[in-house]
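Here's a quick look at some aromatic rings and one loop residue. Have the structure open as you read.

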Amino acid sequence: MALPVLRGCYRLPSKLGNTRLLLTEGIILNRSGKTRIPPSSPAGAAAAVRPYSSDRGGQKPVQKVVVVGITNPFIWFRTRIYYFLIRAYFDKEFSIEEFTEGAKQAFSHVSRLLSKCQFEGLEGLVAKDLIGKLEEKCNLLPSSHKKALSADPEEIMYTTPADVGIYYDDDGRKFVSILMRFWYLTSARLPDDTVEGTRIFQVAFGGEGEAETKRLLTANYEFQREFTKGVTPDWTITRIEHSKLLD
């Protein structure tokens, strides 16, 4: 079934302004393992609380970081229209929730491969023409920057679709692309002026002098799938950006 209305469809520029991200700082974990968090987010905000633990001396205190995302209403409405069109014309079983979960797993796996410069492992996951460019860029990065590329699943604080596109090429092939934005924590030591716009905070484990400093970084990964009849139904990463690390 053709979708003439989508030919040459307009796609909004992917800007960080699509979603506002707020991070509560000064999170303290006391000796009893209880977490004290500053006042909650404003009304109408969508809050996501991501717990993660650290094993020290046999104890596993739980740390909590509250991430508040305030999505642009126009972007939210627009993406919902595209989800409907994807289900109506391309994949009746498409679910943005399932896609987001799969995208998070792919992001974590691919980012770790990039961090270790294991580019052979990217084949089949990342577009072939992009792998060579990534290898060239990663080989120029210092070790601290390479470490900062890696995103552990438990350190991914917030994930949101930033843009959705449906289009045809000149040969009539059908494509769907979804740009996903990730916010994740890293303990990599980076100069304060290296990654512009990042947030730095400390989490204290019990006594003083045991604070662990982590930095909140962002990454954009674009997933593309061809829906032309007879083509293998796989999602491929066609764009990878780590703020001020891989642009």
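## Tyr167 and its partner

Tyrosine 167 comes out as partly exposed in this predicted model, because its relative accessibility is 25%, which sits between the 20% and 50% cut-offs. Phenylalanine 175, on the other hand, is buried, with just 8% relative accessibility.

Now for the ring pairs: the structure has 12 aromatic pairs in total. Tyrosine 167 and phenylalanine 175 make up one of them, with ring centres 5.5 Å apart and planes at 15 degrees. That angle is under 30 degrees, so the pair counts as stacked.

## An edge-to-face pair

Phenylalanine 227 and tryptophan 235 meet at 80 degrees, with their ring centres 6.4 Å apart, so this pair is edge-to-face. Phenylalanine 227 is buried at 13% relative accessible area, while tryptophan 235 is partly exposed at 25%.

These two also belong to a bigger group: ring pairs tie Phe227 and Trp235 into a cluster with Tyr83, Phe90, Phe94, Phe99 and Phe223.

## Ala151 in its loop

Which two elements does the loop holding alanine 151 connect? They are helix H4 (143-149) and strand E6 (156-168). Loop or not, alanine 151 is buried, with a relative accessible area of 0%.

What does alanine 151 touch, leaving aside residues up to four places away in sequence? The list is Phe107, Ser108, Ser111, Ile156 and Tyr184. For serine 111, the C-alpha atom is 6.1 Å from that of alanine 151, though 40 residues separate the two along the chain.

Methods:
Residues numbered from 1 in each chain as written. Predicted model: local features only at pLDDT ≥ 70, side-chain atom pairs only at ≥ 80, totals over all residues. Heavy atoms only, no water. Phe/Tyr/Trp six-rings, centres within 6.5 Å; stacked < 30°, edge-to-face > 60°. Buried < 20%, exposed > 50% of the residue type's maximum accessible area, 1.4 Å probe, protein only. Helix = DSSP H or I, 4+ residues; strand = E, 2+ residues; numbered from the N terminus. Contact = heavy atoms within 4.5 Å.
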